[in-house]
Amino acid sequence: MRVELRIGEAVVPVELNGSAAACELAARLPQVLSMSVSSVGCCGQLPFSLPHGAADVHPGWSDGDLNYKPEGDWLALFFDDERNSARYGGQLTLGHAVGPLDALRGFSGAHEVRIEL
């Protein structure tokens, strides 16, 4: 299942992986989140929790991953620093971007991000 994250003029398509958490996210779309853009990705808090098992949670990410952090209900789209990401635990991968992420590197600060099917 494919979703889009719209940040300003940038549109990032993400292919969800079919996990219970990814399916629950898709069922609750569209959503508009306030997300902060840093040097490694965009991150914002969901207004709900996603189902997951302890075995699904892992450290780190791959550049392009859409991850959920159950501790705090954080959703993040990562576009950089994969090589150092293992130090960040508690990650649950929901999907992966299927397009270029370069446009996101030009953003900083907080933005409204629309996530839709």
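Is A54 buried or exposed? In this predicted model, A54 is exposed, because its relative accessible area is 70%, and exposed is the term for values over 50%. The residue is found in the loop between β4 and β5. Although A54 and L92 are 38 residues apart in sequence, their C-alpha atoms are 9.5 Å apart in space.

The loop between β4 and β5 also holds P51, and how that residue is classed can be worked out in the same manner. P51 has a relative accessible area of 36% and therefore counts as partly exposed, since this class lies between the limit of 20% for buried residues and that of 50% for exposed ones. When residues up to four places away in sequence are not counted, P51 touches A20, A21 and E24. A further residue, L25, is 26 residues away from P51 in sequence, and the distance between P51 and L25 is 9.5 Å from C-alpha to C-alpha.

The strands of the model are described next, beginning with those that pair with β8. Strand β1, which covers residues 2-7, is joined by 4 bridges to strand β8, which covers residues 109-116, and the two run antiparallel. Within this pairing, R6 has R114 in β8 as its bridge partner. Strand β8 also pairs with β3, again in the antiparallel sense, and this pairing extends over 7 bridges; here the bridge partner of L33 is V113 in β8.

From β3, the pairing can be followed to β4 and from there to β6. Strand β3 (residues 31-37) and strand β4 (residues 41-45) run antiparallel and are joined by 2 bridges, with C43 in β4 as the bridge partner of S36. The connection between β3 and β4 is a hairpin that passes through 3 residues. Strand β4 is in turn joined to strand β6 (residues 74-78) by 5 bridges, and these two strands likewise run antiparallel. In this pairing, G44 stands opposite L75, a residue of β6.

Other pairings involve β7. Strand β2, made up of residues 10-16, runs antiparallel to β7 and is joined to it by 3 bridges, and E15 has H96 in β7 as its bridge partner. Strand β5 pairs with β7 as well, in the antiparallel sense and over 4 bridges, and in this case Y68 is matched with its bridge partner L92 in β7. As a general point, the side chains of a regular strand alternate between the two faces of the sheet.

A residue of β5, N67, was examined in more detail. With a relative accessibility of 1%, N67 counts as buried, because the limit for this class is under 20%. Its side chain makes a polar contact with the side chain of Q91 at 3.1 Å, and the side chain of N67 makes another polar contact, also at 3.1 Å, with the side chain of T93. Among the residues that N67 touches, not counting those up to four places away in sequence, are H58, G60, W61, W74, L75, A76, F78 and L94.

The partner Q91 has its place in the loop between β6 and β7. Q91 also counts as buried, since its relative accessibility is 6%, a value that falls under the limit of 20%. Leaving out residues up to four places away in sequence, Q91 touches D56, V57, H58, P59, G60, N67, Y68, K69 and F78. N67 and Q91 are thus in contact with each other, and the link between them includes the polar contact of their side chains described above.

Q91 also appears in the description of the largest pocket, which has a volume of about 170 Å³. The lining of this pocket is formed by 15 residues, and those that lie nearest its centre are W61, K69, A76, F78 and Q91. Strands β5 and β6 each supply at least two residues of the lining, and the largest share, 4 residues, comes from β6. By chemical character, the lining residues divide into 9 nonpolar, 3 polar and 3 charged.

Methods: Residues are numbered from 1 along each chain as its sequence is written. This is a predicted model: local features need pLDDT of at least 70, side-chain atom pairs count only at pLDDT 80 or more; totals for chains, interfaces and linings use all residues. Side-chain values use heavy atoms; hydrogens and water are left out. Two strands pair if DSSP finds at least two bridges between them. On a 1 Å grid over the protein atoms alone, a cavity is a set of points where a 1.4 Å probe fits but cannot get out, and a pocket is an open set with protein on both sides within 12 Å along at least five of seven lines; lining residues have an atom within 4 Å of a point. Grid points are joined across faces, edges and corners, and a volume is the space filled by probe spheres set on the points. Ala, Val, Leu, Ile, Met, Phe, Trp, Tyr, Cys and Pro count as nonpolar, Asp, Glu, Lys and Arg as charged, and the others, Gly among them, as polar. Buried means under 20% relative accessible area, exposed over 50%, partly exposed in between (1.4 Å probe, protein chains only). A polar contact is a pair of N or O atoms within 3.5 Å; within protein, one must be able to donate a hydrogen and the other to accept it, and residues adjacent in sequence count only if both atoms are side-chain atoms. Contact means heavy atoms within 4.5 Å.
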